[in-house]
Amino acid sequence: MGIKDAKEGPDHGTSDPVPPRRPGGLVGRIAEHAARAPSRVAVMEAGASGGLTYAELDAAAAGRAAWLSGHGSPGDRVLLVYSAGSELLKSLLGCLYAGMTAVAAPVPGPPWHRAGATGRALDAEPRVVLTDIRDLMPVADWMGQDGLPRMSLLTTDVADLDVPSGPGAPPPVRPPAPDSVALLRYVPRPGAGTERLTYTHDEVARQLELACRAMGLAEGVRSGAWLPQLPGVRDLKQVLATLYAGGTAITLPPGEPLPPRRWLELIDRHRIEVTGAPARFYDEGARGVPAESVERLDLSHWRRALIEADQAAEGAPARFAARFARAGFRPEAFTACYSPASWTTLVSTSPAITDAGVRSLERGVLEPLRSCPLGTEVAAPADPGAVPLVGLEVPPDVPVGVVDPGTGEAIPDLRIGEIEMAGADGRGRERTGDLGVRHGNRVYLVGRSDETLSAYGRTVYPGFVERWVRGLHRAFEGGMGGVFTVPALHEELVVAHEIRQDGDEEFCLTSLAWTIRDALARRSGVRAGNVVLLRAGEAPRNAEGGINRALLRDLFMADALESLHEELDQEVRRRYRREPSIHPVRLVRSRPRRPAGSAT
């Protein structure tokens with residue numbers, strides 16, 4: 001598995017002073033809320049009328065801690081294998097209550113999930129595996145394979161884990177030591193295998209405090225958090241931070257189709273104050289929610305609309321804010337989040353969009369053309385090759401730098417380098433693998449260092465090209481696309497993009513392909529001789545909903561993409577295609593079905 005061990009460092013938020021940690025960290029905070037406000041709802045599913053109170057959550061975690069204490073010792077590692085839901089949360093807290101180390105793993109169903117669970121089990125050597133009845137069969141089957149350590153298995157949602165009271169009650173669980181290990185996480189590092197990150201109870205408490213400060217979470221807050229489709233501790237951060245603050249976490253379902261209108265209705269119904277979503281949700285809401293539905297919504301209580309910074313530059317926030325102003329939504333609610341692979345987070349409540357000249361970026365220099373607040377609609381830039389970048393405001397007390405990717409030396413403002421953040425001890429440094437530019441008190445995100453391409457002697461940032469393509473023609477709007485290179489006589493650039501098929505308009509596919517070719521050559525001076533047009537939904541996505549460029553490239557090279565149309569250079573076609581060139585065709589977008597009995 002190629003696992004390396006590392007110690008994780010503190011989080012980064014805003015410049016406000018960090019509140020003092022209470023004894024027991026997260027464990028102490030949950031118990032404190034349960035004693036002071038036992039009937040307050042701690043966690044509830046979106047759409048439900050009730051949920052798990054702090055008293056019930058505290059009792060459930062204590063019951064699991066009592067069982068674990070009878071089957072192990074403080075410091076032992078416990079593997080948590082759940083699809084999602086409250087059982088994962090109860091068991092995670094139970095581990096912390098018992099002073100044991102929680103290790104989240106995917107349910108071993110598909111081969112890659114099975115490999116992930118096996119790698120964690122072999123590295124962490126847990127004493128116990130916790131799961132629920134829904135996931136029992138695949139987990140039990142996986143545990144029977146050769147080579148795994150001996151582990152006890154408990155199905156937590158059917159076992160009797162109530163803590164007895166009276167004379168037979170077990171002694172109360174002692175609060176864990178602040179410097180004892182609470183969590184293990186496994187983070188993939190490009191080209192370096194998987195890295196194991198270790199968090200103590202004190203570090204978990206500090207990170208949750210900073211998350212509360214950054215996201216505006218306080219006692220009584222109502223926070224909408226997506227449950228992870230592949231559960232991990234980092235993915236539960238907003239839920240844990242909400243519980244740390246003493247608020248109510250309204251959990252949104254993982255992996256289930258949730259129309260934007262339904263999402264907004266849930267925000268309205270539950271009076272959610274802090275929540276976020278991928279950019280596509282904001283965009284689909286702005287484009288697809290009918291006017292009569294907008295009129296019925298009340299979004300005036302939505303204080304923090306979270307969006308990943310690398311997804312915020314394409315105009316979705318401005319379109320969303322303009323569309324839902326009538327529902328009380330305020331543009332200044334948009335909050336950009338930057339989260340590297342580790343559990344660090346930089347949140348900016350005053351992010352800005354800056355247009356930059358692409359040719360200057362190719363030279364490694366940022367030349368700002370103009371700036372405007374995120375969520376504000378502005379006219380198109382005079383320079384057709386301008387690239388929108390998101391600038392995150394960096395508080396004075398947050399050590400964020402930009403260094404030369406090769407030497408690690410600090411570089412001047414306006415020069416592109418690798419973003420560097422504070423390490424575990426608050427004094428060391430952690431390289432993020434993300435490229436950025438420092439300009440004043442802002443850091444502008446450029447892309448991933450391991451995704452930068454070189455074609456015809458020029459530097460190509462795939463994210464920039466993908467943004468351009470989506471803005472070239474209405475046929476590309478809302479679609480997913482990817483840019484990559486393939487070996488031929490030299491590295492050849494390929495642009496693959498989806499075509500919208502949700503109306504009754506007709507497009508000439510050959511013209512669309514040449515539109516991409518001409519625009520890329522004109523804007524950046526890079527020849528794009530290879531364009532692939534795909535059906536909507538055909539481009540592979542990653543776990544975050546973004547484009548999976550590596551898989552898209554593999555499918556292209558294996559001739560496994562079901563393309564609508566391709567324009568390929570002769571050498572690329574000869575190497576990667578078994579069939580002769582496809583003749584140009586026209587695509588007729590799907591028409592709405594007529595009601596039965598209507599005239600034709």
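How many of the 12 residues of H3 are buried in this predicted model? The answer is 11 of the 12, and the helix is accordingly described as mostly covered.

**Close-up A. Helix H3 and its end.** Helix H3 runs over residues 86-97, and its 12 residues reach 16 Å from the first C-alpha to the last, close to the 16 Å expected at 1.5 Å a residue. The buried residues of H3 include the nonpolar Leu88, Leu89, Leu92, Leu93 and Leu96, and they also include the charged residues Glu87 and Lys90. Just after H3, Gly99 takes a positive phi of about 75°.

**Close-up B. The largest nonpolar core around Leu68.** The largest nonpolar core has 55 residues, and Leu68, Leu80, Leu130 and Leu243 are those with the most contacts inside it. Helix H3 gives the most to this core, with 7 residues. Apart from it lies another core, of 44 residues, among them Ile272, Val289, Phe329 and Cys372. When neighbours within four places in sequence are left aside, Leu68 is in contact with Val78, Gly94, Cys95, Ala98, Met100, Val128 and Leu130; of these partners, Gly94 and Cys95 are among the buried residues of H3.

**Close-up C. The enclosed helix H7.** All residues of helix H7 (residues 237-245), 9 of the 9, are buried, so this helix is largely enclosed by the rest of the structure. Among the buried residues of H7 are Lys237, Gln238, Thr242 and Tyr244, together with Leu240 and Leu243, and Leu243 is also one of the residues with the most contacts inside the largest nonpolar core. Just after H7, Gly246 takes a positive phi of about 95°.

**Close-up D. Asp135, buried without a salt bridge.** Asp135 has its place in the loop between strand S6 (128-131) and helix H5 (136-143). Although Asp135 is buried, it has no salt bridge, and the nearest side chain of opposite charge, that of Arg134, is 4.3 Å away; because a salt bridge requires the nitrogen and the carboxyl oxygen to be within 4 Å, this pair is not counted as one. Leaving aside neighbours within four places in sequence, Asp135 is in contact with Val81, Tyr82, Ser83 and Val107.

**Close-up E. A salt bridge within helix H1.** The side chains of Arg36 and Glu32 meet in a salt bridge, at 3.1 Å from N to O. Both residues lie in helix H1 (residues 25-36), 4 residues apart, which is about one turn of the helix. Arg36 counts as partly exposed at 46% relative accessibility, and Glu32 is likewise partly exposed, with a relative accessible area of 26%. Glu32 and Arg36 are further linked with Arg40 and Glu219 in a network of salt bridges, and the count of salt bridges for the model comes to 21.

**Close-up F. Two salt bridges that involve the loop after H16.** The side chains of Arg577 and Glu566 meet in a salt bridge at 2.9 Å, N to O. Arg577 lies in the loop between H16 and S30 and Glu566 in strand S29, so the pair ties together parts that are 11 residues apart in sequence. Both partners are buried, Arg577 with a relative accessible area of 10% and Glu566 with one of 6%. The side chains of Asp559 and Arg578 meet in a salt bridge at 3.7 Å, N to O. Asp559 lies in the loop between helix H15 (549-557) and strand S29 (563-567), and Arg578 in the loop between helix H16 (570-576) and strand S30 (586-588), so this pair ties together parts that are 19 residues apart in sequence. Arg578 is exposed, with a relative accessible area of 65%.

Technical notes
Residues are numbered from 1 along each chain as its sequence is written. This is a predicted model: local features need pLDDT of at least 70, side-chain atom pairs count only at pLDDT 80 or more; totals for chains, interfaces and linings use all residues. Side-chain values use heavy atoms; hydrogens and water are left out. Buried means under 20% relative accessible area, exposed over 50%, partly exposed in between (1.4 Å probe, protein chains only). Contact means heavy atoms within 4.5 Å. A nonpolar core is a set of buried Ala, Val, Leu, Ile, Met, Phe, Trp, Tyr and Cys residues joined through side-chain atoms within 4.5 Å. The expected span of a helix is 1.5 Å times one less than its number of residues.
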